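Let's take a walk through this structure together, starting from a single pair of side chains and working outwards. Have your viewer ready, and follow along as we go.

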Amino acid sequence: MTRQRLHPAWLVAGVSFVALVGAAGFRATPGVLLHPLHAEFGWPLATISAAVSVNLMLYGLTAPFAAALMDRFGIRRVVTAALVLVALGSGLTVMMSASWQLVLCWGVLVGLGTGSMALAFVATVTGRWFVHRRGLVTGVLTAGGAAGQLVFLPLVAVLVRDHGWRVAALVVAGAALAVVPLVGWLLREHPADLGLPAYGATEVVPATPPAGGAAARAIGALAAAARTRPFWLLAGGFAICGATTNGLVGTHFVPAAHDHGMPETTAAGLLALVGLFDIAGTVASGWLTDRVDSRLLLGAYYALRGGSLLVLPSLFADSAQPSMLVFVIFYGLDWVATVPPTVALCREWFGASGAVVFGWVFAAHQVGAALAATGAGLVRDQLGDYAPAWYAAGALSIGAAGLSLLLRRREEEPSFAVPVAAGGRAWSYRG
């Protein structure tokens, strides 16, 4: 009896998961540093939040170019360079003395690095290596973001409390560098490089580098997709997704809880618990995406998130009450459950260019996150309370549910086709 060998796609998925865990943990760190930086340097929370906004913006805007660069130069090279950028950005913060240096280090360098390991990376890996279980693997890799938060946030909070924020920044830099050898050794590019079909496929498809430069391909994909209604519905909903997760809750939950007397380590632990339940929610969402209409899933996710954010201001207290734990569980299950159905819809509408187009949809996600991060900081500075920001986020989430339900199924017969890059394949669109 012949023993069946594990398909290399699962090893690639495992290494990708580790890289995504690290990227998410590095991005989550600024939420714990807001008050320590404010206390040491006297910078307004809005100023510090602006650095977070630059980070979030670049995290999104880098994604489509990173996806195109992965097609052009390989996943391994792009992810390795990204980890080095994160290490530089985090490590150099220990020497800063002005707020613009925070923007440069944590905003620009870490933003570019983590953006190159964003969710377009997930779409690229799953698109190349999986045919069967694609939705499930997308959910598992996306859950790496939650795992990163789970691993890093409590550790960083304790390091900041016991040893200061500089030690925490150096630990992040060291963790980024520690992942580099693993990526260089184990991360493969295409199943065809091993003479194998993708997982669930029956034929070996040779890897064909796209014609034209990576930047031209990314811009071409945007120009073509922007002429379609589905792109704007997906991008609009995902912008609200970013505003109500990374931008608001990821950045301001810890300081908002601290405003009500809760210790920062406790608040960071609650946010990490959100990440724990997000792992379950996102994996389940990936499983559902293989079986249920993605439009219905997105509508339900956004509506439920909106309801939970509308009640959040009444739940803050000086300790973790049972009602807050219920919110953490409920909100955590929904945190990035939106990703698998959004990736699936990009693939449905934009075909072979789905990963690059999803990169642009994800860029909209991070634009929304950046606006929310800065906006909530301004609300707190001007009004002394985060409550209006929570209410606005709840209303926007309900609006995103409506946008998702407006998206129609793609019809079988296209009305016209548009190329996404010079010499590249075309995708078709009707309506």
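Start with Arg295, which forms a salt bridge with Glu348, their closest N and O atoms lying 2.6 Å apart. Here a salt bridge is a side-chain nitrogen of Lys or Arg within 4 Å of a carboxyl oxygen of Asp or Glu. Before going further, please keep in mind that this is a predicted model: local features need pLDDT of at least 70, side-chain atom pairs count only at pLDDT 80 or more, and totals for chains, interfaces and linings use all residues. Residues are numbered from 1 along each chain as its sequence is written, and side-chain values use heavy atoms, with hydrogens and water left out.

Arg295 lies in helix α12 (residues 294–311) and Glu348 in helix α14 (residues 339–350), so the pair ties together parts that are 53 residues apart in sequence. Helices are DSSP runs of H or I with at least four residues, strands are runs of E with at least two, and both are numbered from the N terminus. The two partners differ in cover: Arg295 counts as buried because its relative accessibility is 5%, while Glu348, at 29%, counts as partly exposed. Buried means under 20% relative accessible area, exposed means over 50%, and partly exposed is in between (1.4 Å probe, protein chains only).

Arg295 has another partner as well: its side chain meets that of Asp293 in a salt bridge of 2.8 Å, N to O. Asp293, Arg295 and Glu348 are thus linked in a network of salt bridges. Helix α12 also holds Arg305, which pairs with Asp334 of helix α13 (residues 322–334) across 29 residues of sequence. The closest N and O atoms of Asp334 and Arg305 are 3.0 Å apart, and both residues are buried. Across the whole structure, a search finds seven salt bridges.

Now for the nonpolar side chains. In soluble globular proteins, nonpolar side chains tend to be buried together. The largest nonpolar core here has 120 residues, and those with the most contacts inside it are Val79, Met117, Phe121, Leu312, Met324, Phe358 and Trp390. Such a core is a set of buried Ala, Val, Leu, Ile, Met, Phe, Trp, Tyr and Cys residues joined through side-chain atoms within 4.5 Å. Helix α10 (residues 229–259) gives the largest share of this core, 14 residues. A second, separate core of five residues includes Val52, Ala369, Ala370 and Ala373.

On the surface, Val84, Leu88, Leu92, Met95 and Leu177 make a nonpolar patch of about 460 Å². Patches are made of residues with over 30% relative accessible area and no salt bridge; like charges are joined within 9 Å, and nonpolar side chains (Val, Leu, Ile, Met, Phe, Trp, Tyr) within 5 Å. Areas come from the Shrake-Rupley method with a 1.4 Å probe, and for residues only the protein chains shown count as cover. Helix α4 (residues 75–92) supplies three residues, the largest share of the patch, whereas Leu177 sits in helix α8 (residues 165–186).

Finally, step back to the whole chain, which has 16 helices and two strands. Its C-alpha atoms fill a box of roughly 60 × 50 × 45 Å along the principal axes. Of the 431 residues, 55% are buried. The chain exposes about 16600 Å², with carbon and sulfur atoms supplying 66% of that area.
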